[in-house]
Amino acid sequence: MTAPQAPEDVRAPEPDERAREHRLHPVTPLRRAWAPIAILFGWAVHDMDEAQRRLAQLTTTTLVVGLGVLVPAAALYGFLTWWFTHFAVTDTELRIRTGLLFRRTAHIRLDRLQAVDVTQPLLARFAGVAKLKLDVVGTDKKDELAYLGEQQARALRAELLARAAGFAPESAHEVGEAPARQILHTPPRTLAVALLLTGAPWAMLLAAVAVPLFLWFATHNLWTVVAVAVPLGGAAFTNSAGRFVKEYDWTVGESQDGLRIDHGLLDRVHETVPPGRVQTVRFVEPLLWRRRGWVRVELHVAGSANSVLVPVAPREHAEDVVARILPGVAVPKPADFAPAPRRGRWCVPLWWRGYGVAVTETVFAAREGLVQRRLSLVPHAKVQSVRVTQGPWERYWRVAGLHLDTGANKTVTARLRDAQEAAELLRAQADRSRTGRRDARPDRWMAGA
């Protein structure tokens with residue numbers, strides 16, 4: 001008998017070309033080289049007195065030698081961390097390997113991706129590079145790839161979104177980024193006027209001036225004044241000029257993979273609001289905005305850091321944007337809200353007039369506030385749990401609070417409801433939520449693509 005012959009053309013399958021590991025952009029070591037220097041600077045700030053004594057003891061020769069050792073060491077650290085960082089796209093996941101001494105491998109399932117954002121800090125814009133941030137279902141911290149070439153970052157983003165939408169791996173990189181159509185733009189002049197008409201920046205600025213002056217006259221201690229003035233000054237900047245810089249040139253576009261948001265004066269950010277992941281939407285209407293008919297729209301997305309949809313816009317334009325991110329949802333009119341009972345004034349004097357509730361076929365709406373009005377919308381399908389709370393004083397006046405918990409770890413509260421009404425709303429909302437989840441559309445990218 002002769003032994004059977006092996007087939008002539010049996011070869012091991014070639015690895016997927018798209019699964020090859022890649023390194024980040026060559027400028028990345030410059031960014032990571034700052035880590036040792038930042039640690040040294042942090043120690044100096046933490047203990048300024050000790051840092052001053054140490055600097056006074058250093059001679060010129062010692063300082064030059066120290067810099068001669070520190071700078072090359074920082075450069076070597078940046079190069080090694082870049083060298084040992086790789087990423088690869090497979091058929092089912094994005095794999096990121098990092099770590100110089102302790103290795104870490106992140107396996108990001110493509111079907112769990114809910115947002116892929118491209119950001120460009122100021123220096124990165126000059127270098128032509130960008131940072132890719134990834135929002136994954138079930139994680140609080142974003143994974144990121146920093147830095148990639150600008151074109152490479154946009155191409156990789158488009159491929160990841162295509163694969164998350166269900167395109168075949170061999171064709172995903174050919175799909176490209178879905179085109180977007182602009183639906184809203186906030187002019188810088190409008191944004192600046194809106195910030196000037198908001199009370200929080202002025203309050204922070206007044207505190208940043210008044211509190212350090214008071215501490216100086218009370219203690220005459222420079223370090224105490226600095227320790228208080230710096231955080232207050234930072235908060236004042238964040239709520240005024242910082243918001244203007246961050247929300248500058250705010251543009252909202254509509255595409256098949258969700259709403260695109262571009263903004264930023266110094267750091268440009270290219271975000272995507274993922275379809276089907278929005279848990280709550282809130283309209284904020286400061287007192288001095290009302291004559292102009294302006295509102296701010298905030299949102300909560302499950303597992304995402306996105307918090308602003310529209311920084312400032314006319315109400316009808318803002319409602320149009322909300323209708324696109326929550327199809328079929330209409331914002332209730334003021335006449336649709338049931339006010340709080342008059343006896344609620346004994347629980348919340350004066351402010352009880354601002355509370356109200358409205359329920360439509362698609363959303364639960366709760367409003368509050370007199371000086372700054374806030375209207376929260378929760379689609380029935382996004383309600384995870386409903387509960388009624390009632391303190392001793394509220395029991396005496398027969399009022400209660402209805403709380404709706406969502407998947408973004410946020411709670412919308414309808415306060416000062418009649419106790420019997422709250423119980424009825426609790427039962428009805430539980431039924432509406434079950435029906436809404438059953439009839440909800442699947443959370444997919446590129447609906448209709």
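Okay, let's start in a loop: Asp249 sits between helix H11, residues 241-247, and strand S8. This is a predicted model, by the way, so keep that in mind throughout. The odd thing about Asp249 is its backbone: phi is positive, about 55°, and the residue is not a glycine. As a bit of background, most residues other than glycine have a negative phi, and most peptide bonds are trans. Asp249 comes out as partly exposed, because its relative accessible area is 24%, and the cut-off for buried is under 20%.

Now, who touches Asp249? One contact is Thr186. Thr186 lies in strand S7, and at 2% relative accessibility it counts as buried. Besides Asp249, and leaving aside neighbours within four places in sequence, Thr186 is in contact with Leu191, Trp250, Pro311 and Val312. Val312 has a polar link as well: its backbone oxygen lies 3.2 Å from a polar atom of the Thr186 side chain.

Let's zoom out to the sheet that S7 belongs to. What is the strand order in this open sheet of seven strands? Reading across, you get S6-S5-S4-S10-S9-S8-S7, and the pairing is antiparallel. Strand S6, residues 143-149, and strand S7, residues 181-186, are the edge strands, each pairing on one side only. From one strand to the next, the twist averages 20°. At the S7 edge, the partner is strand S8, residues 250-255, with five bridges in the antiparallel sense. If you want a residue pair to click on, take Gln182, whose bridge partner in S8 is Gly253.

Over at the other edge, S6 has its own backbone surprise. The peptide bond from Ala146 to Tyr147 is cis, with omega near 5°, and Tyr147 is in strand S6.

Helix H6, residues 150-164, lies across this sheet, over S4, S5, S6, S9 and S10. Its direction is at about 135° to S6.

H6 also takes us to the other sheet. That one is open too, with three strands in the order S1-S2-S3 and antiparallel pairing. Strand S1, residues 86-89, and strand S3, residues 104-109, each have a single partner strand, so one side of each is left without a neighbour in the sheet. Here the twist averages 10° from one strand to the next. S1 and strand S2, residues 93-98, run antiparallel and are joined by four bridges. H6 packs on this sheet, touching S1 and S2, and its direction makes about 40° with that of S1.

What joins S1 to S2? A hairpin, through three residues. Two of the bridge pairs to look at are Val89 with Leu94 and His86 with Arg97. In general, the side chains of a regular strand alternate between the two faces of the sheet. In S1, His86 and Ala88 are on one side, Phe87 and Val89 on the other, and all are buried, which leaves both faces covered.

On to the helices. Is helix H9, residues 199-219, as long as its residue count says it should be, or shorter? It agrees: at 1.5 Å a residue, 21 residues should span 30 Å, and the end C-alpha atoms are 30 Å apart. Its buried residues are Pro201, Ala208, Pro212 and Leu215. Part of their cover comes from helix H8, 188-196, and helix H10, 222-239.

At residue level, Thr219 is in H9 too, and with a relative accessible area of 40% it is partly exposed. A polar atom of the Thr219 side chain lies 2.7 Å from the backbone oxygen of Leu215.

Right after H9 comes His220, in the loop between H9 and H10. His220 has a positive phi of about 55° despite not being a glycine. Buried or exposed? His220 is exposed, with a relative accessible area of 54%.

Last stop, helix H12, residues 315-325. Its buried residues include Ala318, Val321, Val322 and Ile325. Seen down the axis of H12, the buried residues fall within an arc of 100°, so they line one face of the helix. That's my tour, thanks.

Methods. Residues numbered from 1 in each chain as written. Predicted model: local features only at pLDDT ≥ 70, side-chain atom pairs only at ≥ 80, totals over all residues. Heavy atoms only, no water. Expected span 1.5 Å × (residues − 1). Buried < 20%, exposed > 50% of the residue type's maximum accessible area, 1.4 Å probe, protein only. Contact = heavy atoms within 4.5 Å. Pairing = 2+ DSSP bridges. Axes fitted to C-alpha atoms, helices over the stretch in contact; angles between N-to-C directions. Arc of directions from axis to C-beta. Polar contact = N/O pair within 3.5 Å; in protein donor to acceptor, adjacent residues only side chain to side chain.
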